[in-house]
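Colleague: Please take a close look at one buried polar site in this model and describe what surrounds it. After that, carry on to the cores and the pocket.

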Amino acid sequence: MRMHVDTWDPGYGTSLSGDDRSPSKTEVETDVEMSDWRPVTPGTVAEARLIRLVDGVRRIDARVWLDSGEPGPPSLGVAASYAAGVVTCDLAAGSATLDTPLVERALFTADRLAAMPVRGATYISVPVGSDDPAKLDAGIQSKLRELEIRVAQQAGDDHDLLIVDGPLQGRSTLPRVLGYIKTHRAQYLPAAHTSVVNVLEAGQRTPIFRLGSPFPRLSWYVQLPGGDGAPWAGVVRVECPDELSVPEAVALADLSAVTLPRLASSPYKDPRAPQNLLPIGGLERRLRALLGDARLLHRSLRLAVA
């Protein structure tokens, strides 16, 4: 029996979810690139020069109750702020620049309401058809993804790689895009193939596999440096659109394996090292600052409804 201490700060949970021991119900095709699974070390592949990384943050500013005056209990709504931005990294020049971020605020409710102006901001109305908390949360996430797509499109398409934080769902039409998943909440691979992930070294990847419905995509695992030997420490899952040919996907997979290690964070810089890439960590801090003071917004919302 061996014991490891997870490298992540406990406040962020763990990179390997406790639910991972339950196999995913998603259909998996493992022989997309090769049937004889083994760690893949990219050959003479040059790292990407110009990389754009997209991320967004969200925050619930207040929960609101809506009383229609009709019989029955009031319905729940959520006032939320969310922001998205792009960091452009030129690895050859050693530079990183933040493109113009976007910030929005919205009131998510079962039915459409009038926009709610508060001091220094306006909450647009976003009806989600139900006051189920899960539906409200999904509404926030959907608007955040829309904002991430907008900032990515505004940044241009002259990049070698476009990395979006999280699965590609809804963003697969962006050019040369990769989904970057740092927290593993599902076990997609059979045990024999999972053993290949366990022995990856920094800069190596697994062969490509295909994930089926509800949104098909091609995926692989990459080992980042600095995992400290704990199970799956420093392992990230990367995915690309299913519409790509196998040679195109292999080229992107190799490019990700030689490029992502250059962007990996260190424990003294980020509590989610090494998976939370340095540019993404900096972008998250900037976007959270742009959301504004949560206490002032909460007070402004209370004054507005009063």
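Modeller: The side chains of D61 and S81 form a polar contact of 2.4 Å. This is a predicted model, and the distances given here are computed from it. D61 also has a side-chain polar contact with the side chain of Y123, at 2.7 Å. The residue belongs to strand β2. D61 has a relative accessible area of 5% and so counts as buried, the cut-off being under 20%. Leaving out residues up to four places away in sequence, D61 touches A79, A80, S81, R105, Y123, L297, H298 and L301. S81 and Y123, the two side-chain partners, are therefore also among its contacts.

Strand β2, which runs from 50 to 66, also supplies at least two residues of the largest nonpolar core. That core has 34 residues, and I51, L53, I208, W220, L224 and L277 have the most contacts inside it. Other elements that each give at least two residues are β3 (75-90), β8 (161-165), β9, β11 (217-223), β12 (235-241), α3 (246-263) and α4. The largest contribution comes from α3, with seven residues. A second core, separate from this one, has 23 residues, including V78, V126, L147 and A155.

Within the largest core, I208 can be followed outward. Not counting residues up to four places away in sequence, I208 touches T30, V32, E33, W37, L218, S219, W220, A249, V250 and A253. T30 sits in the loop between β1 (28-29) and β2. With a relative accessible area of 18%, T30 is buried, because the limit is 20%. Its side chain makes a polar contact of 3.5 Å with the side chain of H193. Apart from neighbours within four places in sequence, T30 is in contact with W37, L189, P190, H193, I208 and F209.

Strand β2 also takes part in the largest pocket, where β2, α1 (133-155), β9 (177-181) and α4 (278-290) are the elements giving two or more residues to the lining. The space in this pocket is about 940 Å³. Its lining has 31 residues, of which D165, G166, P167, K182 and R185 are the closest to the centre. By class, the lining consists of eleven nonpolar, seven polar and 13 charged residues. Strands β2 and β9 and helix α4 each give two or more residues to this lining, and each of these elements supplies at least two residues of the largest core.

Conventions
Residues are numbered from 1 along each chain as its sequence is written. This is a predicted model: local features need pLDDT of at least 70, side-chain atom pairs count only at pLDDT 80 or more; totals for chains, interfaces and linings use all residues. Side-chain values use heavy atoms; hydrogens and water are left out. On a 1 Å grid over the protein atoms alone, a cavity is a set of points where a 1.4 Å probe fits but cannot get out, and a pocket is an open set with protein on both sides within 12 Å along at least five of seven lines; lining residues have an atom within 4 Å of a point. Grid points are joined across faces, edges and corners, and a volume is the space filled by probe spheres set on the points. Helices (H or I, at least four residues) and strands (E, at least two) are DSSP runs, numbered from the N terminus. Ala, Val, Leu, Ile, Met, Phe, Trp, Tyr, Cys and Pro count as nonpolar, Asp, Glu, Lys and Arg as charged, and the others, Gly among them, as polar. A nonpolar core is a set of buried Ala, Val, Leu, Ile, Met, Phe, Trp, Tyr and Cys residues joined through side-chain atoms within 4.5 Å. Buried means under 20% relative accessible area, exposed over 50%, partly exposed in between (1.4 Å probe, protein chains only). Contact means heavy atoms within 4.5 Å. A polar contact is a pair of N or O atoms within 3.5 Å; within protein, one must be able to donate a hydrogen and the other to accept it, and residues adjacent in sequence count only if both atoms are side-chain atoms.
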